[in-house]
Amino acid sequence: MARRSPEPLLWLLFSAGGMAAALLVPVLLFLFGIAFPLGWLSAPDHTHLLSVLRHPATKVILFGLCLLCLFHWAHRFRYTLYDGLRLKNLSLVISLFCYGGAVAGSVAAGVVLFRI
Amino acid sequence: MPENDRITLRVARYRPEQEMEPTWQSYEVPLRKEWTVLDGLNHVKDHLDGTLSYRWSCRMGICGSCGMTVNGEPQLTCSAFLTDFAPGPVRVEPLANFPVVRDLVVEIDDFMNKLTEVKPWIIRAEDKPLDEGEFPQTPEEMDAYKQYSMCINCMLCYAACPVYALDPDFVGPAAIALAQRYNLDSRDEGSADRRDVLSSAAGVWACTLVGECTTACPKGVDPAGAIQRYKLTAATRSLKDLLWPWGQR
Ligand code: SF4
Ligand code: FES
């Protein structure tokens, strides 16, 4: 095989993140941002919500969503800095900042989620 | 439309032997319902100023040689009607992102070289002797690549692409779409030969899916779609190589 560039894998994460965000985030925003506060739907009580959150499947899904969204952001922001601000000569720093940020954010999300 | 209606063409001129920078020159041409920007330029060349240089041939959107920037947009001048720009003036400039040779003529070597790099022809592991007959193809097999085969190499997509503007090494929309035209052809066996160029950093990975190429394309080729599709192919392939390193031939 020629070279092992990480680009294809980063792009897969980016695409998966875009897809996950487009499918799940609007639902969550609608439920928790609009429907529950406005009383369109009766909000689940705290203990119920907590037990849903403590279910391993919920944790895995939410963790996956956070991770993918963060990698989606990282990839897009990296190219915004590269092309939008013409900073391609700083590519190493930018990549470290973007993907490092995504890793740090995912770890933080993991810690929060799995401690609940 | 009155017989004597006229419209002004504001044309970018560049004659390297007499000026360092491009300049503008205006010409008044008849505004006729059936006249395109190219007809206007031909009127200038025939009746007003024989020194104006530009490329054209078929006048029917087939040869791909008359691409220019019309009012800021890359267009085939033989398909852009003057009446759509009335009352004018109509700004006519050379295609963006290419070096200008003279007036509206650009240097196309970069595109030509990229085109050959992606090997846009049918590659077979072994050539079948002529007397074994043709390669039959079902309508579905033909549909798989037909859209990409409509490309006329007009380079409007390169002129529209902001990534190509920033990074001239980018293989670019039409070349990748044409590579896919052969990759997706059931008679072709050359996708491995095209892989290195297509999946390099200057290949599909340079594209950030701005989509201007698809908007600019006069032939409905959808190069942006071709690139996205190849990204998926290349990414799946790398994932396989990563998880299954011993599975390669
Ligand atoms: S893909 Fe479309 S715009 Fe690009 S060269 Fe081919 S026909 Fe022209
Ligand atoms: S002159 Fe041939 S495409 Fe316009």
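How many residue pairs are in polar contact across the interface of chain A and chain B, with both at pLDDT 80 or more? The rule finds zero, where a polar contact is a pair of N or O atoms within 3.5 Å; within protein, one must be able to donate a hydrogen and the other to accept it, and residues adjacent in sequence count only if both atoms are side-chain atoms.

Before going on, some housekeeping. This is a predicted model, in which local features need pLDDT of at least 70 and side-chain atom pairs count only at pLDDT 80 or more, while totals for chains, interfaces and linings use all residues. Residues are numbered from 1 along each chain as its sequence is written, chains are lettered from A and ligands numbered from 1 in the order in which they are written, and side-chain values use heavy atoms, with hydrogens and water left out.

**Chain A against chain B**

Salt bridges (a side-chain nitrogen of Lys or Arg within 4 Å of a carboxyl oxygen of Asp or Glu) also come to zero between the two chains. On the chain A side, α1 (7-35) and α3 (56-84) each supply at least two residues, and α1(A) gives the largest share, five residues; helices here are DSSP runs (H or I, at least four residues), as are strands (E, at least two), numbered from the N terminus. That side of chain A has seven nonpolar, no polar and six charged residues. Nonpolar means Ala, Val, Leu, Ile, Met, Phe, Trp, Tyr, Cys and Pro, charged means Asp, Glu, Lys and Arg, and the others, Gly among them, are polar.

**Inside chain B**

The domain assignment (automatic or from a database) splits chain B into domain 1 (6-106) and domain 2 (109-243), with C-alpha centres 30 Å apart. B:Pro74, B:Asn97 and B:Phe98 supply 49% of the area that domain 1 buries against domain 2, more than any other three residues. The rule finds zero salt bridges across this interface, but four residue pairs in polar contact, both at pLDDT 80 or more. Strand β4 (residues 73-76) brings three residues, the largest share of domain 1's side, and that side holds eight nonpolar, five polar and no charged residues.

Contact means heavy atoms within 4.5 Å, and buried area is the accessible area (1.4 Å probe) that two parts lose on being put together, summed over both.

| Interface | Residues in contact | Buried area | Carbon and sulfur share |
|---|---|---|---|
| Chain A / chain B | 13 / 17 | about 1300 Å² | 68% |
| Domain 1 / domain 2 of chain B | 13 / 15 | about 1000 Å² | 69% |

**Ligand 1**

Of the 13 residues around ligand 1 (a heavy atom within 4 Å), B:Cys151, B:Cys154, B:Met155, B:Cys157 and B:Cys217 come nearest. The shell divides into 11 nonpolar, one polar and one charged.
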